[in-house]
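Got the viewer open? Let's take a walk through this protein, one selection at a time.

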Amino acid sequence: MINLVKNQNPMPEQAPDVRNKNFLEVAEGYTEQMAINEAMRCLNCRKKPCVAGCPVNIKIPDFIAQVAIGEFEEAYQIISEDSSLPAICGRVCPQENQCQGRCVRCEKGESVAIGRLERFVADWHAANYGDEEIKPVDTNGHKVAVIGAGPAGLACAGDLVNKGYEVTVYEALHKTGGVLVYGIPQFRLPKEIVAAEVAKLEAKGVKFVTDAVVGRAITVDELMQEEGFESVFIGTGAGLPSFMSIPGENYIGVCSANEYLTRINLMKAYLPEYDTPIMKGDRIAVVGGGNVAMDAARCAKRMGASEVYVIYRRSMEELPARAEEVHHAIEEGIIFKLLNNPVQILDDGDGNVRAIECVQMELGEPDASGRRRPIEIKGSNFEIPVDMVIMSIGTKLNTLILDTTDKLEANQKGGIGTDDGAATNREGIFAGGDAVTGAATVIKAMGAGKVAAASIDEYLK
């Protein structure tokens, strides 16, 4: 029987004034009864628009129908047919712009909480079947190398090992997981969940080689010509930080969100037993309005800052971050300085940040992105006293593999050029995720990894 309640069952959460002082997970997860109640809101539409909105096409109504009758393990098995990282995607995917954005329920109330249900199912499986032995998959004798242990690489490796391929994943950092471990904070995505997903792949037979910078220690061509790999998937992401090129960006106290979050998330700077060097400002400005900016601002608050500002040149309506992350940030005391744009960073005379100078903006006609163009209001400059500035205005593609792989072609964005099947111009070499498109979402990177795995399978057959 369908539950006709218009709005979603609320997610249990830590109180804002408690959670902004710790790195424990903010959302505590549905109980079994909450999950069943939410699942009963699904209309099981004939056209299933939510499935079309999912980059990996999870059979959403099917798994939700199983949750509604309490068959949680069956729901997990249905999700696992298309997604290898449900516990991760259920936490960090922008469902409101994808599956939930297509939900027919949106016409009269809120969408079904698909992401929360996916997370519940994955967590229930881990709690009840997580200790089950995973046996290695029988090999078909073909060797494939995957470069990058982020979402695209993990998805590609998972699909390939399930098909019997001998997969070796090369990761530049000392931990596997890519942006899942260095970018997304513990309070949004516990790292134990990422480690568990990697452990499953290892149990199936995937080999991981860390501290391996492909393009420096070994090239793509050497992997194929000397190490015997018949195909290579490049899923290296887009991790080079961008800056504004305004005066004062070289002062002490200015850093990129990439560096700041990596020190906290990957190098555990928030734990006293880790001696990770990191600056702890008291009044901090975070420049940008995306999910990374929200992560940096919320981390800064938890690291002890008394005031944290998010400076963004458009209004709240144009803010690209997930609505849930913005809501959480506001609850936690983050101060939003909207319709403002930095013009320079000021120092105290000794090269230390003392303030950031901004100019007020107003919105004009829509630009190429479809958002209204911000226009500077002349003479509206003002200062915000801060001792630290975190730049979070996007990332650039690292061209290391393009530069070191013979005759590998780039696309118009400067990423690795591919066709719709993830194939590059070089035979046997495939690519996907942020390394091709530029910075996008975890689930889109996973989708690209799955497309590449299917193409590699077809190629090697």
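**Stop 1: a buried arginine**

Start by selecting Arg-322: its relative accessibility is 5%, so it counts as buried, the cut-off being under 20%. Keep in mind as you look around that this is a predicted model. You'll find Arg-322 in the loop between β8 (307–312) and α14 (323–331). What does Arg-322 touch, leaving out residues up to four places away in sequence? Show Arg-91, Val-92, Cys-93, Pro-94, Gln-95 and Glu-96, and then add Asn-291.

**Stop 2: the whole protein**

Now zoom out and switch to a cartoon view. You should be able to pick out 17 helices and 16 strands. The radius of gyration is 23 Å, close to the 23 Å that the globule rule gives for 461 residues, so the protein is as compact as a globular protein of that length. Its C-alpha atoms fill a box of roughly 65 × 60 × 50 Å along the principal axes.

Try colouring by burial next: buried residues make up 54% of the 461. As for contacts with a separation of 6 or more, 69% of them link residues that are 24 or more positions apart.

**Stop 3: the nonpolar cores**

Which residues have the most contacts inside the largest nonpolar core? Select Ile-60, Phe-63, Ile-64, Val-67, Ile-88, Leu-117 and Val-167; the core they belong to has 72 residues. Then highlight helix α17 (residues 442–460), which gives the most to this core, with eight residues.

There is a second, separate core too, made of 32 residues. To find it, select Tyr-260, Ile-284, Val-286 and Ala-305, which are among its members.

Before moving on, go back to Val-167 and show what it touches beyond four places away in sequence. Val-144, Val-146, Ala-157, Leu-160 and Val-161 are on that list, and so are Gly-205, Val-206 and Lys-207.

**Stop 4: a pocket**

How do you spot empty space in a protein? Rolling a probe the size of a water molecule over the atoms shows where empty space is left.

Turn to the second largest pocket, which holds about 740 Å³ of space. Of its 31 lining residues, Tyr-76, His-125, Ile-134, Glu-197 and Lys-200 are the closest to the centre. Colour α5 (72–80), α6 (86–92), α7 (114–129), α8 (151–162) and α10 (191–204): these are the elements that give two or more residues to the lining. The most come from α10, with eight residues. Finally, colour the lining by class, and you'll get 12 nonpolar, eight polar and 11 charged residues.

Definitions and conventions. Residues are numbered from 1 along each chain as its sequence is written. This is a predicted model: local features need pLDDT of at least 70, side-chain atom pairs count only at pLDDT 80 or more; totals for chains, interfaces and linings use all residues. Side-chain values use heavy atoms; hydrogens and water are left out. A nonpolar core is a set of buried Ala, Val, Leu, Ile, Met, Phe, Trp, Tyr and Cys residues joined through side-chain atoms within 4.5 Å. Buried means under 20% relative accessible area, exposed over 50%, partly exposed in between (1.4 Å probe, protein chains only). Helices (H or I, at least four residues) and strands (E, at least two) are DSSP runs, numbered from the N terminus. Contact means heavy atoms within 4.5 Å. On a 1 Å grid over the protein atoms alone, a cavity is a set of points where a 1.4 Å probe fits but cannot get out, and a pocket is an open set with protein on both sides within 12 Å along at least five of seven lines; lining residues have an atom within 4 Å of a point. Grid points are joined across faces, edges and corners, and a volume is the space filled by probe spheres set on the points. Ala, Val, Leu, Ile, Met, Phe, Trp, Tyr, Cys and Pro count as nonpolar, Asp, Glu, Lys and Arg as charged, and the others, Gly among them, as polar. The radius of gyration is taken over C-alpha atoms; the globule rule is 2.2 Å times the number of residues to the power 0.38.
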